[in-house]
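Look at the sequence and the model below. The report then describes how the chain is divided and how two of its helices pack.

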Amino acid sequence: MTRAFLVVMDSVGCGGAPDADRFFNDGVPDTGANTLLHIAQACAEGRAEEGRSGPLKLPNLDALGLGEAVKLGGGEAAPNLGAMPQGRYGAAEETSPGKDTPSGHWELAGVPVPWDWHYFPKQEPTFPEAITRAVCELAETPATLGNCHASGTEIISRLGAEHMKTGWPICYTSADSVFQIAAHEETFGEQRLQDLCKRLAPMLHEMKVGRVISRPFVGSPEAGFTRTSNRHDYAISPPEPTLCDWVQEAGGKVLAVGKIGDIFSMKGIDEVRTGPDAQLMTHLDYYLSEAPEGSLTFANFVEFDSLYGHRRNVSGYARALEWFDAEIGKILVGLQPGDLMVLTADHGNDPTWHGTDHTRERVPVLVHGAGQGSLGNVAFADVAASIAAHLGIAARGPGRNFLPPRSTA
C-alpha cells in the first residue's frame, strides 16, 4: 500500500531563517529566534517546571532526527536532543513573504505565496471605515467594538460584557494578516457569527487579508468568558493548485485533520475531521487503518501555537511537545509498509521571544518510511514534491523530491 501522511506541528520552528532580520516582534527583528532550541534550553535550566519537570523529553521525534534537524536549522545543539537518527531529517526554509499559517501550509503543499499580505496598522482605530461599515451592515448593528490589535482572550474579557449588552460584534486583529470577529454563542448566535464572517470574507480577501476568523465564546461577566472550539478560518484560496489538488486529480483521496480544510478553503479536500489536539490524534490514528491506497492524510496540530506560543508559555509549550511525542510514537508503530509520514511545521512561535507574534524560522522535516540519513537544508515546497513522488503523481511548482528512489528506501 502507498499512502502519505503530512503532519504539521503548528509553529514548531528550529531557528536559522536567513531572512529573519526582515520580520519583527514588537519592533525587534526575529534574528536569533529558535522555538525548539530555546524551549529545550529552558527545560534543561529548570525554567519550565509548571506541569512538567526536567530536560525536554522527545524520544520518538528525536529518534527520527529532531535533534539533528535543530542543528541544521539554527546551527546549535539542543539539550537532551542527541539521539542517533533512525529516520530522514532536514530543516526547511520558506520563501513566501510571510510567517503566517496560510503561507506556511500552502508552500509546504507546493505553492509559495506570490503576493504581499495586507496587515492592519497598530493604531486605533485599526480598520478602514469601509470594513467597519460592512460589518455593521452584515451584522445589522449600528456599531462594532474593539477595532484594534488585541489578544483574543484579553479582548473578550475586556469587552465581553459590553458585547452582551449591546449586541455589537467585537472586531480585532493581530500581527498576522487576519480580521477576527468575536461574539457570544448564545446572545449573538454562533451560526449568525459564522454567516457574518463568511459573507465578509470576500471583501477582505480582495484586500489580500489572509483570513477572516470567527471567535465564538461563552460565559458571563460574573463567571468570565471562554472561547469555544467552534472557531472557523475563512481563508483566501491558494493561487494555484496545491498538493491536495494534485492528489485528487490523480484519483486519490485527501483527508484533512484539524484546520486544514479552512486553510485551503476546502480546495482539494475530500473529508475533514476537527476538534482539539487530543481528538485530532484520535482522528489521525483512525486514518492509519481507514485511509485508502493513494491517499494523503494532511493534519495540523494547532495548540502549540494557539495556546502556548502566542501566550509565551514555555512550560505549556514543553508539555504539549512531550504529549505529542508520546502520542505520535503510537502512530508511528501503526504505519503500514509503503506508508510515508512527514512531520514538519509551518513557521516558528518562540515562547521565549519578544512580543506575541509568530517568529520567522526554519522548520524541522522528519520522515518515517524512507530510510535513514540527512536531507540537509531543503525548501518548504520540497515537501510537496517529495510526497507527490512517493505517491507516484505529478508535481508542479518549484519543489524538488528529496526522497531516495523507492527501491533503496
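The text that follows covers the domains first and a helix pair second.

This is a predicted model, in which local features need pLDDT of at least 70, side-chain atom pairs count only at pLDDT 80 or more, and totals for chains, interfaces and linings use all residues. Residues are numbered from 1 along each chain as its sequence is written, and side-chain values use heavy atoms, leaving out hydrogens and water.

In an unreviewed entry, UniProt lists residues 3–393 as "domain: Metalloenzyme"; such annotations may be inferred rather than shown by experiment. The span 3–393 is 37% helix and 21% strand, and its end C-alpha atoms lie 12 Å apart. Helices (H or I, at least four residues) and strands (E, at least two) are DSSP runs, numbered from the N terminus.

An automatic or database domain assignment gives the domain bounds.

| Domain | Residues | Residues in the contact |
|---|---|---|
| domain 1 | 3–114 + 239–391 | 10 residues |
| domain 2 | 129–235 | nine residues |

Contact means heavy atoms within 4.5 Å. The centres of domain 1 and domain 2, taken over C-alpha atoms, are 29 Å apart. About 820 Å² is buried between domain 1 and domain 2, and carbon and sulfur atoms give 44% of this area. Buried area is the accessible area (1.4 Å probe) that two parts lose on being put together, summed over both.

Helix H10 (residues 277–290) packs against helix H12 (residues 314–334) at an angle of about 10°, with the axes 10 Å apart. Axes are lines fitted to C-alpha atoms, for helices over the stretch in contact, and angles run from 0 to 180 degrees between N-to-C directions. H10 and H12 are therefore roughly parallel to each other (angles under 35 degrees). Among the residues that meet are Met-281 and Leu-284 in H10 and Trp-323 and Phe-324 in H12.

Definitions and conventions:
Parallel < 35°, antiparallel > 145°, perpendicular 65-115°, else oblique.
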